[in-house]
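Welcome! Please take a look at the structure shown here and keep it beside you while you work through the exercises.

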Amino acid sequence: MDLQTRELNLITYLAQLQNENFFEKFENYIFKNSRETNQEFTSFSADKLISRIEKSEEDFRNGKVITQDDLEKVCANW
């Protein structure tokens, strides 16, 4: 699975996440690490976002997906 697909899978997982405690820990981890490495998050342009959505839909049609259950199993090992 390529990085872009993994990113989109993570975005999908986070969008469906109902556990606020886990989300807060994840959010704190990301922002803490971004400050430590002097990385800044930037917004996607509309064209880039559409391109990523199209790639995600293509991956879905081609069976390049991971189920919610499998993703949760992976996340449980973090």
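Here are some short exercises on this predicted model, each with a worked solution.

**Exercise 1. Describe the overall make-up of the protein chain: how many helices and strands does it have?**

Step 1. Start with the elements: the protein chain has four helices and zero strands. Read along the sequence, the pattern is α-α-α-α.

Step 2. Turn to the surface. The protein chain exposes about 6600 Å², and carbon and sulfur atoms supply 51% of that area. Of the 78 residues in the chain, buried ones make up 17%.

Step 3. Look at how contacts span the sequence. Take the contacts between residues at least 6 apart in sequence: 65% of them join residues at least 24 apart.

**Exercise 2. Work out how helix α1 and helix α3 are arranged: at what angle do they pack?**

Step 1. Decide what to look for. Two packed helices are described by the angle between their axes and by the distance between those axes.

Step 2. Locate the helices and read off both values. Helix α1 covers residues 3–16 and helix α3 covers residues 46–61; they pack at an angle of about 95 degrees, with axes 10 Å apart.

Step 3. Classify the angle. Values from 65 to 115 degrees count as roughly perpendicular, and α1 and α3 are therefore roughly perpendicular to each other.

Step 4. Find the residues that meet. From α1 come Gln4, Thr5, Glu7 and Leu8, and from α3 come Arg52, Lys55, Ser56 and Asp59. Sorted by class, this contact of α1 with α3 has one nonpolar, three polar and four charged residues.

**Exercise 3. Zoom in on Thr5 and Lys55: how many residues apart are they in sequence, and how far apart in space?**

Step 1. Place the two residues. Thr5 is found in helix α1, while Lys55 belongs to helix α3.

Step 2. Give both separations. Lys55 and Thr5 are 50 residues apart in sequence, and their C-alpha atoms are 7.8 Å apart in space.

Step 3. Ask whether Thr5 is buried or exposed. The cut-off for buried is under 20% relative accessible area; at 5% relative accessibility, Thr5 counts as buried.

Step 4. List the partners, leaving aside neighbours within four places in sequence. Thr5 is in contact with Lys55, Asp59 and Lys64. Lys55, in turn, is in contact with Asp2, Gln4 and Thr5.

**Exercise 4. Repeat the analysis for helix α1 and helix α4: which residues meet between them?**

Step 1. Get the geometry. Helix α4 covers residues 68–76, and α1 and α4 pack at an angle of about 95 degrees with their axes 11 Å apart.

Step 2. Name the arrangement: α1 and α4 are therefore roughly perpendicular to each other.

Step 3. Identify the residues. Asn9, Tyr13 and Gln16 in α1 meet Gln68, Leu71, Glu72 and Cys75 in α4. By class, the contact of α1 with α4 has three nonpolar, three polar and one charged residues.

Step 4. Follow one residue, Leu71, which lies in helix α4. At 14% relative accessibility, Leu71 counts as buried. Not counting residues up to four places away in sequence, Leu71 touches Asn9, Tyr13 and Ile66. The C-alpha atoms of Leu71 and Tyr13 are separated by 7.9 Å, although the two are 58 residues apart along the chain.

**Exercise 5. Find the aromatic pairs: which residues do ring pairs link into a cluster?**

Step 1. Count the pairs. With ring centres required to lie within 6.5 Å, the count comes to two aromatic pairs.

Step 2. Take one pair. The rings of Tyr13 and Phe22 have centres 6.4 Å apart and planes at 80 degrees, so this pair is edge-to-face.

Step 3. Take the other pair. The ring centres of Phe22 and Phe26 are 6.3 Å apart and the planes are at 20 degrees, so this pair is stacked. Phe22 and Phe26 sit four residues apart in helix α2 (residues 20–36), so about one helical turn separates them.

Step 4. Check the burial of each residue. Tyr13 is buried, with a relative accessible area of 7%, and Phe26 is buried too, at 12%. Phe22 counts as partly exposed, at 23% relative accessibility.

Step 5. Put the pairs together: ring pairs link Tyr13, Phe22 and Phe26 into a cluster.

Terms used:
Residues are numbered from 1 along each chain as its sequence is written. This is a predicted model: local features need pLDDT of at least 70, side-chain atom pairs count only at pLDDT 80 or more; totals for chains, interfaces and linings use all residues. Side-chain values use heavy atoms; hydrogens and water are left out. Axes are lines fitted to C-alpha atoms, for helices over the stretch in contact, and angles run from 0 to 180 degrees between N-to-C directions. Helices (H or I, at least four residues) and strands (E, at least two) are DSSP runs, numbered from the N terminus. Angles under 35 degrees count as roughly parallel, over 145 as roughly antiparallel, 65 to 115 as roughly perpendicular and the rest as oblique. Contact means heavy atoms within 4.5 Å. Ala, Val, Leu, Ile, Met, Phe, Trp, Tyr, Cys and Pro count as nonpolar, Asp, Glu, Lys and Arg as charged, and the others, Gly among them, as polar. Buried means under 20% relative accessible area, exposed over 50%, partly exposed in between (1.4 Å probe, protein chains only). Accessible areas come from the Shrake-Rupley method with a 1.4 Å probe; for residues, only the protein chains shown count as cover. Rings of Phe, Tyr and Trp (its six-membered ring) pair if their centres lie within 6.5 Å; planes under 30 degrees apart count as stacked, over 60 as edge-to-face and the rest as tilted.
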